[in-house]
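Work through the exercises below with the sequence and the 3D view open. Try each task before you read its solution.

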Amino acid sequence: MDQTFLIGAFATLFVVIDPVGLTPIFIALTADTDDQHRRAVALRAVLIAGAILTLFAFFGEAVLGFIGISMPAFRIAGGILLFLTALDMLFQRRTKRREDQADEEDFPDPSVFPIAIPLIAGPGAIATMILLAGRAEGGLGMAAVLGVMAAVLMLALLLFLSAGVIERGLGRTGINVVTRLLGMLLAALSVQFVLDGLRDFGLAGGT
């Protein structure tokens, strides 16, 4: 297996998934929960994202084509859903909902949405896996691509598991500031997803 291809694949997937950038978002989405719940969310999110990316690596666009969904449509849908999450973060609606819960241990579970989908296994990561799988040669090549994916996801998991230490360093005020800031960034990212989808449809000009 070409080492240059593996290094390039790792770098590409690492940049697209961006585990370092996702860690503050993970902290914001799991704020005010205990360490056990946070570990469970991190592990579940990474496993679900890995399963989704593996599915698309093997079946690629055939999965979307089978149910009549194009990649541009997938980008737009992911962008809209991510924008709703950004609004919750900006206006702290999640915090208000938590305060209304009678059971203090009944924490929200953002592992499936939005952490696994679309933050980890988003349109960009899915498209990257489809591309890398298409360039892989034989079973060994596919195994190497899946190994690269697993390595990136493992780094994301390790960063997620260190979220408690990072959160204690920032403090409650710091987390509130970061949550609002990341809400803005998530809103911009979601709009970019939508614009990318519209551009692929030919409905918006390129930058």
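**Exercise 1.** Does Ile 69 count as buried, partly exposed or exposed, and why?

*Solution.* Note that this is a predicted model. Step 1: place the residue. Ile 69 sits in the loop between α4 (61-66) and α5. Step 2: take its relative accessibility, which is 33%. Step 3: compare with the cut-offs. Buried means under 20% and exposed means over 50%. Ile 69 therefore counts as partly exposed, at 33%. Step 4: list its contacts. Leaving out residues up to four places away in sequence, Ile 69 touches Leu 64 and Phe 74.

**Exercise 2.** Find which residues Phe 74 contacts, leaving aside neighbours within four places in sequence.

*Solution.* Step 1: locate Phe 74 in helix α5. Step 2: read off the partners, Leu 64, Ile 69, Pro 123 and Ile 126. Step 3: look further along the chain. Phe 193 is 119 residues away from Phe 74 in sequence, yet their C-alpha atoms are 9.2 Å apart.

**Exercise 3.** Compare the end-to-end reach of α5, α3 and α9 with the span expected at 1.5 Å a residue.

*Solution.* Step 1: start with α5. This helix has 20 residues and reaches 28 Å between its first and last C-alpha, close to the 28 Å expected. Step 2: go to α3 (residues 35-59). Its 25 residues should span 36 Å, and the end C-alpha atoms are 36 Å apart, so the two agree. Step 3: finish with α9 (residues 138-161). Its 24 residues should span 34 Å; the ends lie 35 Å apart, which agrees.

**Exercise 4.** Identify buried residues in these helices, and name what covers those of α9.

*Solution.* Step 1: in α5, the buried set includes Met 71, Arg 75, Gly 78, Gly 79, Leu 82 and Asp 88. Step 2: in α3, the buried residues include His 37, Arg 38, Val 41, Ala 45, Leu 53 and Phe 56. Step 3: in α9, Gly 141, Met 142, Val 145, Met 149, Leu 153 and Phe 160 are among them. Step 4: the cover over the buried residues of α9 includes α1, α2, α3, α7, α8 and α10.

**Exercise 5.** Find the cis peptide bonds from Phe 113 to Pro 114 and from Ile 117 to Pro 118, then examine the positive phi values of Asp 18 and Gly 60.

*Solution.* Step 1: recall the background. Most peptide bonds are trans, and most residues other than glycine have a negative phi. Step 2: check omega. From Phe 113 to Pro 114 omega is near 10 degrees, a cis bond. From Ile 117 to Pro 118 omega is near 5 degrees, also cis. Step 3: place the prolines. Pro 114 belongs to helix α7, and Pro 118 is in helix α7 too. Step 4: check phi. Asp 18 is not a glycine, yet its phi is positive, near 55 degrees. Asp 18 lies in the loop between α1 and α2. With a relative accessible area of 34%, Asp 18 is partly exposed. Gly 60 follows α3 and has a positive phi near 55 degrees.

**Exercise 6.** Describe the surroundings of Asp 32.

*Solution.* Step 1: Asp 32 is in the loop between α2 and α3. Step 2: its relative accessibility is 38%, so Asp 32 counts as partly exposed. Step 3: Arg 172 is 140 residues away along the chain, but the two C-alpha atoms are separated by 9.2 Å.

**Exercise 7.** Characterise the largest pocket: its volume and its lining.

*Solution.* Step 1: the largest pocket holds about 300 Å³ of space. Step 2: it has 20 lining residues, and Val 16, Leu 22, Leu 119, Leu 189 and Phe 193 are the closest to its centre. Step 3: α1 (3-17), α2 (19-29), α5 (71-90), α7 (111-120), α8 (123-135) and α10 (163-201) each give two or more residues to the lining. The largest share, 6 residues, comes from α10. Step 4: by class, the lining has 14 nonpolar, 3 polar and 3 charged residues.

**Exercise 8.** Set these details in the whole protein: how many helices and strands are there?

*Solution.* Step 1: count 10 helices and 0 strands. Step 2: of the 207 residues, 43% count as buried. Step 3: among contacts with a separation of 6 or more, 85% join residues 24 or more positions apart. Step 4: the accessible surface comes to about 10,800 Å², with 66% belonging to carbon and sulfur atoms.

Terms used. Residues numbered from 1 in each chain as written. Predicted model: local features only at pLDDT ≥ 70, side-chain atom pairs only at ≥ 80, totals over all residues. Heavy atoms only, no water. 1 Å grid on protein atoms, 1.4 Å probe; cavity = no way out; pocket = protein on both sides within 12 Å on 5 of 7 lines; lining within 4 Å. Points joined across faces, edges and corners; volume = space filled by probe spheres on them. Helix = DSSP H or I, 4+ residues; strand = E, 2+ residues; numbered from the N terminus. Nonpolar A, V, L, I, M, F, W, Y, C, P; charged D, E, K, R; others polar. Buried < 20%, exposed > 50% of the residue type's maximum accessible area, 1.4 Å probe, protein only. Contact = heavy atoms within 4.5 Å. Areas by Shrake-Rupley, 256 points an atom, 1.4 Å probe, with all protein chains shown as cover. Expected span 1.5 Å × (residues − 1).
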